[in-house]
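Please open the model in your viewer and keep the selection box at hand. We will go from stop to stop, and at each one you will hear what to select and what to look for.

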Amino acid sequence: MRVLDLGPPRVVVDGVERACAGAKQTSILALLAMRAGERVPLDEIVVAAWGYDATATSSSVENHMWRLRRLLEPGRRAGGSCLVNDQGGYRLMVPRDAVDSRRFERIAAEAGEVGDPTAAVRLADEALALWRGPPYEAIAHVTATEAATARLGELRGQLVERRLEALLQVGDVARVLVDVEPLLAAFPFRERLWAARMSALARAGRTEEALATFRRVRALLRDELGLEPGAELQELHRTVIAQDTPALARGEVHLPGRGGRLIGRDRERHELGTLVGTRRLTTVTGAGGCGKTRLAVEVARERADGFPDGVWFVDLTEAGAPEQVADLAVSRLGLRADRSGTRTALRSSLRGQRLLLVLDNCEHVLDGAAALAEDVLVDGARATVLATSREPLDVDGETVWPLAPLSLRPGPDGRSPAAELFHARAGGGDLPLVERICTGVDGLPLAVELAAARARSFSLGEIVEQVERDPGGLGRVGRGPSDHRRTVRSAVEWSHRLLEPDERLVHRRLAVLPGPFRLPEASAVVGPDVDVAEVPTVLARLVHRSLLVATRRAGQPTQFRQLATVRAHARHHLDATGEREATVARRDRWVSGLLARRPRLGRPEEAAWFDTVEQAYPTVRAALEQVLAGPPDPERVRQGATLAWFWYYRSRVHEGERWLARAVDQVGDGPATAIARLALATLRMIEGRLDDGRAVLAGALADVDAVPGEHRAQLVEAMVGAAGGAWTQRAFDLVGTVCDRLPETDDPDLEVVTAAIRCVPALADTAALDELAARTVLVHDRAVACDNSCARWMTCGVLNILALFTRDADAGLLWCPRLMEASFPSGTGGAAVYVASLGDYLVMRGDLVEAVRLFSWAHTRARRTGMPWPPRPTTQEFLDAAAAGLTADEHARAWAEGARLRLDDVMDRYPARGSGVRAPRGTVVPT
């Protein structure tokens, strides 16, 4: 096996190159390859695959890790693995040369050390052949990635230089001249490449071209970096400078005064400082209140020594129109305009000046700011411009550098950078409440500081309520500038008033989408007032203007979200225009359409539908809450019950039960709510509340015959779910009661699912288990043939229980892993029950230590997902037997080890085996 990580991540297994299955798997593989041999903590994996605003559950992570292991080792059965769990993280354990980046580093080092130039060329060619493109682009958002990619990029640059030097040593001048041109285009500031070109031209007798090369690189370095060529190039040009360039004198610095220590921006200061030192024009963009001005001023102050002609700050909020920008700049720089005009005077005065010009708040006078930047950066000028704006200037050569709000992720001291800022401004405070305040404003520095200023007047609990009710209402309570940053809402309004009418409309209507959303949700809530084909363009313009945040991941649709403060502003305008009710209705109709598109139970496309619902779940949840907030609506409650299987598979049983209970209580009993009550009974029984579930189920079954025919398929699925819920509590009589009421169906998928659930009641008849096993195997084969995963896992579940009844550990260790394999593509909601069964079989075999490990894992998962523990009465018997057979220390050690396991560790130890089937056999033990 080999991992190709220099470029888009790929895997080569048995000589066959295989791509990753989706963006998350790609990101996880890239991170593990970048850190090959090291332990990668789980939270870093979540950030790589889901981003910093991750809402991934542990089951989601485990699913992807399980699938990744299948990609890396498709033919592996039990035993060791190259992808191992390690103390709350994962480690990719492969030979060094099995990862292209590590192999590249090794060969590059050999090429640099070998004395034979011919061998150096051969090794360099071998290493460079591994480079298929920029590495780790899939995880570019991960903080540690930049250093790794920079290191590899520098190694590559050094390697191509060493290769050219070796070619010169062997006299292959023609090859150097051919190969160096594309390298100069890729690495224009690497002087050793220019030296190689000059040397090759000189050796070829093309002296004038060699001298022209020196003039060319000198102009490039002067214009782009303000530097002279290095000593090697000077020597090649035969004009060696005998003395060093004198140090630049510090010029005047005209910047606003410091407003206290800049908190939480160390990485941003370093990155922006590097850009200011190397780029002619850098524009810091970001939402209002995210700290663009504060950061730009601090960076300008730190970099002042590099600008001998001074650092100058121009606040463009004083410019009322684009044509006033140049006049304001001339005034701030102390220049005098002559008859030739302000712009001409500016160009002539700044020509040759090595200064830094900070243009602040450009967004409302973009045309004037762009023209000023172009005047300052004319050919021959040596000035640098650092601009802040809520959207780019769109000038040639501009580097756009987006600034996000402060991170909400805890640092080494347990505080996030946003909480650190709050503590610094408020003088302390209870950390959980402070984190809630900071989360409520998305870490926006202006909002954090305004909230902290209220700590003298209100308790932190009261500030939490104020922020969660309306974060846009935060305002300055003391002395301060009366500008567009006086309140959070005015900071956003500063951007809003610059929008076009269609942008304003989309901005306010997106307020009904409470979390991350995609283009379909946005198009739905915008409505007919904007052509659906124009919605992507308007969204892009709002991102451009820093009123939307876009998250792009390879292989996935772009996700958008409004910061909480921006959404509060949009909601305010939505209410003011009277459009809220109609916009909410459009959102809810979109959710209804999504629920109506649910595939049949167990179909292969069902898992993809679950994924779609997961991605849109903030919008789905908002629509569900709207159902409860409005008048009783049995039809929408029935639609909401469509999510019952989703809630189970995606470990949201508690949330689903609470919503169904409130919804059913609101609309009452009757045929119109029979499906919702079946779903409620299902989730309550899965939670272990058998008596509550039984009572609800009895009332629902009394009304199933009156359910309209158009809802018959959902009714059958809901009844199968209810039978499954009763099955989890071993209430076989109740399962039989539901099965007796199941309607007949000619739908192939529903028919095989009902055939599968009808095998369950026979588990109560211990005298006919052999007949049940044979019948269940036949249904299982039908389920496999029609590719219905639900019927597969139900029949595997019956055969798994038969193995428990008959104490047939071999059969159990065959069917239980197959049960998990059939179930987990849709989700891992039942993982605790299945893994506990594996523990039961291991007790039967006498492997008590491993059994306790699995019991510990299952116990932890059951508590986390709201499942009862122990999942079945017989499990307690095996728990007691394992505890009795081990010493207290042995049991405690195994229990602790099990709590650290991951689901994919269990799957790797007990993979689904064999294509043949056999029914459990052995002595029947009644339950």
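Before the first selection, one definition: two rings of Phe, Tyr or Trp, the last taken by its six-membered ring, count as a pair if their centres lie within 6.5 Å. Planes under 30 degrees apart make a pair stacked, planes over 60 degrees apart make it edge-to-face, and the rest are tilted. Please also keep in mind that this is a predicted model.

**Stop 1: the aromatic cluster**

Select Trp609, Phe610, Tyr617, Trp645, Phe646, Tyr648 and Tyr649, which form one aromatic cluster. Across the protein, the count comes to nine aromatic pairs. Zoom in on Phe610 and Tyr649: their ring centres are 5.5 Å apart and their planes meet at 45°, so this pair is tilted. Phe610 belongs to helix α26 (residues 606-615) and Tyr649 to helix α29 (residues 644-649), so the pair ties together parts that are 39 residues apart in sequence. Are these two residues buried or exposed? Both Phe610 and Tyr649 are buried.

Now add Trp647 and Trp659. They form a tilted aromatic pair too, with 6.2 Å from centre to centre and 50° between the planes. Trp647 is in helix α29 and Trp659 in helix α30 (residues 653-667), so here the parts tied together are twelve residues apart in sequence. Trp647 and Trp659 are both buried.

**Stop 2: charges over rings**

Go back to Tyr617, one of the cluster members, and show Arg652 with it. Arg652 lies over the face of Tyr617, 4.2 Å from the ring centre. Then select Trp815 and Arg818: the charged end of Arg818 sits over the ring of Trp815, at 4.9 Å from its centre.

**Stop 3: helix α22**

Select residues 519-526, which make up helix α22. How many of its eight residues are buried? Six are, and the helix is mostly covered. Colour them to see the set: Glu521, Ala522, Ser523, Ala524, Val525 and Val526. Next, show α21 (501-509), α23 (535-544), α25 (580-596) and α27 (617-629), the helices that the buried residues of α22 pack against. Just after α22 comes Gly527, which takes a positive phi of about 85°.

**Stop 4: two residues of helix α20**

Select residues 488-496 for helix α20, the place of His496. With a relative accessibility of 5%, His496 counts as buried, because the cut-off for that is under 20%. Leaving out residues up to four places away in sequence, His496 touches Arg504, His507, His569 and His573.

Val492 is in helix α20 as well, and Val492 is buried with a relative accessible area of 4%. Beyond four places in sequence, Val492 touches Arg390, Leu547, Thr565, Val566 and His569. For a long distance to draw, try Val492 to Gly885: these residues are 393 apart in sequence, and their C-alpha atoms are 66 Å apart in space.

**Stop 5: three loop residues**

Select Tyr136 in the loop between α5 (117-128) and α6 (145-169). Its phi is near 65°, a positive value in a residue other than glycine. Tyr136 counts as buried at 3% relative accessibility.

Arg730 is next, in the loop between α33 (712-728) and α34 (732-741). The phi of Arg730 is near 60°, again positive in a residue other than glycine. Arg730 is buried, with a relative accessible area of 19%.

The last loop residue is Asp808, between α37 (789-805) and α38 (809-823). Asp808 is buried with a relative accessible area of 9%. Draw a distance from Asp808 to Tyr841: they are 33 residues apart along the chain, and their C-alpha atoms are separated by 7.8 Å.

**Stop 6: zoom out**

Now show the whole protein, with its 43 helices and 14 strands. Its C-alpha atoms fill a box of roughly 105 × 75 × 55 Å along the principal axes. Of the 927 residues, 55% are buried. Among contacts between residues at least 6 apart in sequence, 70% join residues at least 24 apart.

Switch on the surface: the protein exposes about 38,300 Å², with carbon and sulfur atoms supplying 50% of it. Colour by charge to finish: there are 119 positive and 125 negative side chains, and the centres of the two sets lie 2 Å apart.

Technical notes
Residues numbered from 1 in each chain as written. Predicted model: local features only at pLDDT ≥ 70, side-chain atom pairs only at ≥ 80, totals over all residues. Heavy atoms only, no water. Helix = DSSP H or I, 4+ residues; strand = E, 2+ residues; numbered from the N terminus. Buried < 20%, exposed > 50% of the residue type's maximum accessible area, 1.4 Å probe, protein only. Contact = heavy atoms within 4.5 Å. Areas by Shrake-Rupley, 256 points an atom, 1.4 Å probe, with all protein chains shown as cover. Lys, Arg positive; Asp, Glu negative; His and termini not counted. Charge placed at Lys NZ, Arg CZ, Asp CG, Glu CD. Lys NZ or Arg CZ within 6 Å of the ring centre and 35° of its normal.
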